[in-house]
Amino acid sequence: MALLGQGIWPLVLAADLFALIGAKAMLGQLTVRSLVTFTICVVIFALAGLYRSRLTLSALDDLPRVALGMLGTVGLSTIALSLLDRPSDQQHQESQLLFAVLTVAIVTILRSLAYLAIRSLRRHGIAHRTVVVGAGLVGQSVARTLHEHPEYGLAPVGFVDSDPLSQLGDYEFPILGHTDTLPKVLQLTGVRTVIIAFSTAPEEQMIDVIRQCDRLNCEIFILPRLFEVHHVSTDMDYIWGVPLTRLRRGAYRASSWPIKRMMDIAASGLALALLSPVMALIALAVRIEGGPGVLFKQIRVGVDGRHFELLKFRSLRPVDETESATNWNISHDDRLGPVGRILRTSSLDELPQLLNILRGDMSIVGPRPERPHFVDQFRQTYPRYWARHRVPCGLTGWAQIHGLRGDTSIADRARFDNYYVENWSLWLDVKIIIRTAGAVFTRAGS
C-alpha cells in the first residue's frame, strides 16, 4: 500500500525523469545545464495536471498535454540557457526540437509501462478502501463495477444511506450508516475515498455532509445526475464508462496552504513595522478625542467556531459590554466624533488587526469575523452560515470586495464567503488584496 500511498505521481515522475535523462543521453547532450531543462519540464507537466492522481490511466490520453508541455519546455529552456551562455557559444546550442520529439516518444513509452505496473499493483490488492453514498441501483452498480475492475484502485467496503431501497440482506456490501454519519464512518473505518452516487438524502443535506469532510484525509467523487449525457473533460475521472467528478480538497489540505500562513506572518510583520508611525498618530488622535483606552477589544468567532479577542482602534466608547456585543452597526451613531468617523470611513480603525494576523487569530484574507451573539442568530436563520468558519477569518475578503459589508444581506455574505472557501487559491488571495487596496479610499465604512 505504501507504494501508492501518495498517489500515482511518484512512479510517473520517475518515468518522466528517466525519459528526459535518456533523451539527453541518446543525443549526447547530457550536462549539468540539463538540470534547468528537466526542472522546467517537470514544473510544466505538473501545472498541466500530468501528475494528478487518476482512476483511469492512459499514456495516449496524456500525449497531447505531454507534447504541448515539451513545446513550452523547449521555449523556456532555450531562453533560460541563452542567458547562461556567452554569445560565442551559440554554435553549441542544443537541438531542442529533436530533443522534444525524442522525449515525447520516450515519455509515452515509459508512462505506458508505469501505468501497466500501477494497474497490476491495484489488481493485486493495493487499492483505496471506498464508501459509496447511495445504496440504490446506481450506487450498487458503481460498487459492483469497482469490485469487478480493481485496476481503478478503489475497493468498495460498503454503503452509506439513510433510506436504503432494499433490505439489508439484499446488498453485496454492507450498509455502514446513515448519510449524515458519513464523517464518523470515515473516521472509524479509515476509509479515504468516497463516491457520491444517487443518495436518497436531499441535496442540501449532502452539501453539509460533504463540507464536514473538509479536514478529513479523503478524496470525494460525485457521480453527475445526468451522467449518461455528461461530457468527460480532461480533468474528470471515469470508471467503466461512468464519469466521476473529483471534488477539490479542502483549503487546509492544499499543498499551498502553509504558504498562506507564511505570507500572513511576513506581510503583517512588515506592515506593522512600516505603519507604526501612522498607528501612533491614530492612537494619539483617539486618545485626545475619547480619553484613555485607544484600543477596542471584542470577542469574535474564528476558524472552527473558536473565539478570539479582536483588536481595533476605538471609534466610540460603548455604554456597556451588552451594547458592544449586540449593536450591529455604529456607522450612523450620533456619538461618533470626527476622528472616529474618519477611522470608520477609511477602515483605518482595523489596523490593529494586523496583530491578530501576526499571532494567528486571523488571516489577511478570509471571511469577516463576527460576534458570537450574531453568529448564533445567523446559524439558525441561514443554514449555510456555519460553513464559512472552515478557514480563518480575514481583514478583507471575497464578500467585502463585492460590497457585502455593513447593512447588507447576510445570506449573500455567507454565499460569497463559502465560494471563497471552496475556490481558495493563493492567486485568489492576491486578487482580493489588490482589489481591496484599490477600493480602500473610496468604499463606505462598515
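## A helix with two sides

A residue counts as buried when its relative accessible area is under 20%, and as exposed when that area is over 50%. The model described here is predicted.

Take helix H12, residues 372-381. Its buried residues are Pro-372, Phe-374, Val-375 and Phe-378. Looking down the axis of H12, these buried residues fall within an arc of 155°, so they line one face of the helix. An α-helix has 3.6 residues a turn, so residues three or four places apart point the same way. Which exposed residues sit on the face of H12 turned away from its buried side? They are Gln-380 and Thr-381.

## Strands around S7

Strand S7 covers residues 242-246. Strand S5, residues 219-222, runs antiparallel to S7, and two bridges join them. Phe-221 has Arg-246 in S7 as its bridge partner.

Strand S6, residues 237-239, is also antiparallel to S7, with three bridges between the two. Here Ile-239 is partnered by Val-242. S6 and S7 form a hairpin, with two residues between them. Trp-240 lies in the turn and has a positive phi of about 50°.

## Space inside

How many cavities of 30 Å³ or more does a search of the whole structure find? It finds four. The second largest has a volume of about 70 Å³.

Residues lining this second largest cavity include Arg-300, Lys-312, Glu-350 and Arg-368. Also among them are Leu-310, Pro-369 and Leu-395. The lining divides into three nonpolar, three polar and four charged residues. Strands S9 (307-313) and S11 (394-396) each supply at least two residues of that lining.

Terms used:
Residues numbered from 1 in each chain as written. Predicted model: local features only at pLDDT ≥ 70, side-chain atom pairs only at ≥ 80, totals over all residues. Heavy atoms only, no water. Pairing = 2+ DSSP bridges. Helix = DSSP H or I, 4+ residues; strand = E, 2+ residues; numbered from the N terminus. Buried < 20%, exposed > 50% of the residue type's maximum accessible area, 1.4 Å probe, protein only. Arc of directions from axis to C-beta. 1 Å grid on protein atoms, 1.4 Å probe; cavity = no way out; pocket = protein on both sides within 12 Å on 5 of 7 lines; lining within 4 Å. Points joined across faces, edges and corners; volume = space filled by probe spheres on them. Nonpolar A, V, L, I, M, F, W, Y, C, P; charged D, E, K, R; others polar.
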